[in-house]
Every structure is written in structure tokens, then in C-alpha cells.
Amino acid sequence: MIRTRDLTKHFRVGKETVEAVRGVDIDVAEGELVALLGPNGAGKSTTLRMLTTLLEPTSGTAVVAGRDVRAEPARVRRRIGFVGQGHGAGEDQRAGEELYTQGLLYGLGRATARARTAELLDVLELSGAADREVTRLSGGQRRRLDIAMGLIHRPPLLFLDEPSTGLDPHSRANLWEHIARLREKSGTTIVLTTHYLEEADGAAGRVLVIDHGRVIADGTADELKAGVSGDLVSFTVADGGSAATGAEIAGRLPAADGVEAVSGREPGVRLRVERGDAVLPELLRALDASGVAPTTVRVQRPTLDDVFLALTGRSLREENP
Amino acid sequence: MTTETAAPTAAAEAGVPRPSPLRDTGIVFARQMRPLLHRPALLLFGMLQPVLYLVLFAPLLSGLAGAEGENPWQWFVPGLLVMLALFTAGFAGFGLLPELASGAHERLTASPVSRVALLLGRVLGDVAVMTAQAVLIVVLVLPFGFRVPVAGLVVGLLLLVVLGTGVSSVSYLVALRVRRTFVFAPIVQTAVMPLMLLSGVLLPMELAPGWLYGLSRINPVAYVVDAERALFAGEWNAVVALGWAVAVAATLLVLLLGSRAMRRISA
């Protein structure tokens, strides 16, 4: 569906050249759901905008839905759906009419556009809001209308730029239900950008981690996490002395890695181990035998944030690094 | 991808092989007109300023000697319609600014719609509004003794359409370029005010000192005002021809530059 080679985009800001995207190779097969994950300013949206013909690449090639974005932008547009970061519907327009207009713009006949509008309003639970002005829709409704506009012509490939930004958790979950149903029903290939870890983790089949304009990791969430060395096991104890003893005991576990005693208000021990759940019983027995009584015990599977941290030394959660 | 999804896309492509600029212009025009159809009162919104001039300024002219003093409205209304065109069409870009900010314009450019249609459809919408407002003003002054020959009125309104097309195209192109209200607003004010003051809408430019009269002669709008006055007086002379020539030439130039800019903005 998508194949880019050495795709780059440079912007001129004043006298400086900003290299927003630096040589990106992306391959997406039919039916995939791929998330571009990265911090703000990583180049996710710029990449997406090149793939959707909204920005001309500085160099490199991109073939999207069988057509080159440079040579045949109009044909690419016809074959893809695009849901931008902002809201696609005009504020003084009515929801249903805006959707109908969108259908006409994609070359649907009047009757088809009308039928398709009714169908999408129904599927995305917007039927009651069809005659309402766009400004009077709720945030979730507006976002679903954006998605509907992206789908009006049944594109085999849909791009979503930060689809759930600004939505409350309930609307976000609801949006993802719709996206999941869409894939199930029509096998639409979906490429989205997000900086929500949970989204990339839970929903996407494949995650491309992007940082400083480059793809720094590519794989399923599980594959990426497997690259990080194991689960994080941590337990807290009553005092610093017990923490030191606990760390010594934990260090004797054969697979344990990076064991450290944590001092401070909640003294305890942290370690990385391949299968946290498997070593836990053994660890607890050993602690018990030495008279160390853990107050709390936790096993954390690595998150995509750990992946990003391992790759870049920075956390994705720091919004303003 | 299943065949179920492939078929409609392929069919859509076969049915409409290339974007048709004419059909697209119609679609964009219809979209532009919808808010107005739902709320016709919006039509009056842009008319306040000309109507105020009509009621609170035109009567002042009766103190002057000459044609403008004898029958102020007969002299003033044709120019007032040009003022209306300048304001309604000149401020057209304000309608695009929220769409540039929200992402609605981006969504349109991501669709296969013809780039030129994206400009022309909007311009046509504004010109339709402007024409409706002009007709409304003429109807308003008829009960007060204003008279205009039908042929002169029709040709005069057509000239207004040409002017409005050019002015509103420029307004959109500037809005597309600067994108932000706080930049756009002063630019439009700075452009529209001198164009109006130097066109002889309010007072005859013949009253002006030489340098000011000279300035008015490089203002295309002044020629349109002169032509409108002649047409509304039922005169068919060189002034009419010159006004048309200037308006058509200027608007064609704008459209040429505008369609090139539109293709470049989002090729």
C-alpha cells in the first residue's frame, strides 16, 4: 500500500534549514494498522502530510496506493482518506451537508453521496446530529464527523493524524471501537500518528517509532518490547537496611539484571529480569528465608515508553524535553 | 483489502476519470451558499455600512451645486454599489480564515477537488451575495424617487460582478498567504480604504486638487465608478467602455495569477 524510499523534507525557517524528515523508508502492506509513534516535532505529521500529497517531499520517493505522490498527486488523493489533526468540517456548515459535499468532491454521484452520508452518519452514531451546525457538536461527535469525511469514498487506505488528541477517555475508546469495526468490516489499511503510548500499544499491529525525523524502530509492540531487557520487578521494604539485604538476595537470582536498592521515603529494590512472573515465587521464598518482609511487590511488563527510553535515553512522557 | 471495498473505489474512478473544474466549482459554490440559505438574514450583515452611507451621508450632497446636489441619490447610488462590492468582496477572505485555522481548508485540499475550483467556487459565492445586496439596495431606494433604466441597471450589475470577482479573488489569495486574522485585517483595511476614497464614491473627484485627482486616475475602481454612474443615467459612451475594459483586464489578471497560485499552494 505504501512504499517510501529515503523520503526527506526540509523546511526553511528564516535562514535556517530544518530537517523535519531525514530519509525515511516505510513499507505498509494491505490491511495493516500502523502507528507512527514519537514525541511532538519528531516528524510524524510531516511524513503523513507527504504521504497524503499535502506537502511535496524535498527528496526521495513515495508510492501510495499504487501511485507516486509527486507524479500523480490527484490519483493518490482519490484513493486515500485523510483525517487531519484539526477539524475538517466548516464551522458554519451542518454536519450532514458537509459530509454530502465531501462525497461529491470525491466524485460520487448525488444519490450515492446521499446514501453514503446516511450510512456513515448511522455507523458513526451521528444521525441525530445531521442537521446540527458543526460548532454545536460535542468534541467526540466532531471527531467522528472528521472520520466519516475521511471514509466517504470507501478508501482502501486511511490516514489519521493524531485522531484522538483532545478527546476524553470515553470518546477516545469509542473512536477506537469504530476504527476496529471498520478494519474488521472492510479491511481498510490504516496509518495513524499518535503520541499516546497506550494507543500505539493497544490498537496498532505495527509501530514505527520516529524521532528527529528518522524511523528508529519498526515492529509489533511485543517485538519492540522484547528488545528491552525484560520485565521490571520491584518491591518495597520497611527500611533502608532491609533494602540493602533485599538487593543482595535479588542479585543472586540467576537471570537478574541491573539490581539496585532504592533509598528514600519508600525504600526497596528494583531489578530487570526476563520473566518477572516466573522468578517472583523464588524471590519471595529467598527474601522470607533471610527475614526480609516486602511490603509491596510489583512486576511491570516493559512499555513502549521503556522502548523509547532504551532507544533514545529520553522518555516519551516528557512532553517538553 | 476485500473486493467489496475495491469495487466502489474503482467504480468511482471509472465514473469520474479526472476532476472536472466546472463540477467542482459548482460543489464549492453550493457549500459556500449553504449557511446563507439556512440563515438569509446573514445577507443583511454586510450591508450595514452602505446603508448607513445612504441614509446618513447622501442627504449631505444636496448642499452641493451640480449633478450630485440636484438629485443626490441618483448620483450617489451607483457609486455606493461599488463601495458595497469593495467591502463585501474585499472582506471575503475573512470567511476563509477560520477554515484555514480549523483544518477544513486542509481537508478540502486533501480531496481530489480541482485547485482552481476551490478558489472560483468561493468567489462565485461572494459575488452572488454581493449582487443580491446590490439589488436589495436599488429596491430600497426606488420608493424614494430613484430611477434607473433596466438595461443600464443590468449592465451595471454585470460590471459589478466583474469587479467583485477580481476583488474577492485577491482577498482570498491574501488570506491564503497570511493565514492569520491579525495580519489579514490590517492589510484589507489598508487596501480597501484608499481604493474607496480615491474612486470618487463619496464626492466627485473633480473637486480634488490636482495631485489627488491624479492619484484617482491610477485607481482602477475610479473608472468602474464613472462607468456605473453613466450606465445608471442611461448613457452609453466611452466612459462605460473604459470602465468595462479596466475591470475586465484587472480581473483577468487577478484570476490568471490566482489560479497559478492555487496550483502551487497545493499541487
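Of the 267 residues in chain B, 40% are buried in this predicted model. The C-alpha atoms of the chain fill a box of roughly 80 × 40 × 35 Å along the principal axes. As for secondary structure, chain B has 14 helices and 0 strands, so reading along the sequence just gives α-α-α-α-α-α-α-α-α-α-α-α-α-α. Contacts reach well along the chain, too: among those in chain B with a separation of 6 or more, 76% link residues 24 or more positions apart.

One helix pair gets a closer look here. Helix 2 of chain B (residues 21-38) packs against helix 9 of chain B (residues 115-141), with the axes 7 Å apart and an angle of about 45° between them. That angle makes helix 2 of chain B oblique to helix 9 of chain B, since anything from 65 to 115 degrees would count as roughly perpendicular and anything under 35 as roughly parallel. The crossing of the two helices is right-handed.

Who touches whom? On the helix 2 side of chain B, the contact takes in Pro21(B), Asp24(B), Thr25(B), Ile27(B), Val28(B), Phe29(B), Gln32(B), Met33(B) and Leu36(B). Facing them from helix 9 of chain B are Val116(B), Ala117(B), Leu118(B), Leu120(B), Gly121(B), Arg122(B), Leu124(B), Gly125(B), Ala128(B) and Val129(B). Sorted by character, the residues of this contact come out as 13 nonpolar, 4 polar and 2 charged. Gly121(B) and Gly125(B), both on the helix 9 side, go into the polar group, because Gly is counted there.

Note on methods:
Residues are numbered from 1 along each chain as its sequence is written. Chains are lettered from A and ligands numbered from 1 in the order in which they are written. This is a predicted model: local features need pLDDT of at least 70, side-chain atom pairs count only at pLDDT 80 or more; totals for chains, interfaces and linings use all residues. Axes are lines fitted to C-alpha atoms, for helices over the stretch in contact, and angles run from 0 to 180 degrees between N-to-C directions. Helices (H or I, at least four residues) and strands (E, at least two) are DSSP runs, numbered from the N terminus. Angles under 35 degrees count as roughly parallel, over 145 as roughly antiparallel, 65 to 115 as roughly perpendicular and the rest as oblique. A crossing is left-handed if the near helix is turned anticlockwise from the far one by less than a right angle, and right-handed if clockwise. Two residues are in contact if their C-beta atoms, placed from the backbone, lie within 7 Å. A residue is buried if 20 or more other C-beta atoms lie within 10 Å of its own, exposed if 12 or fewer, and partly exposed in between; C-beta atoms are placed from the backbone.
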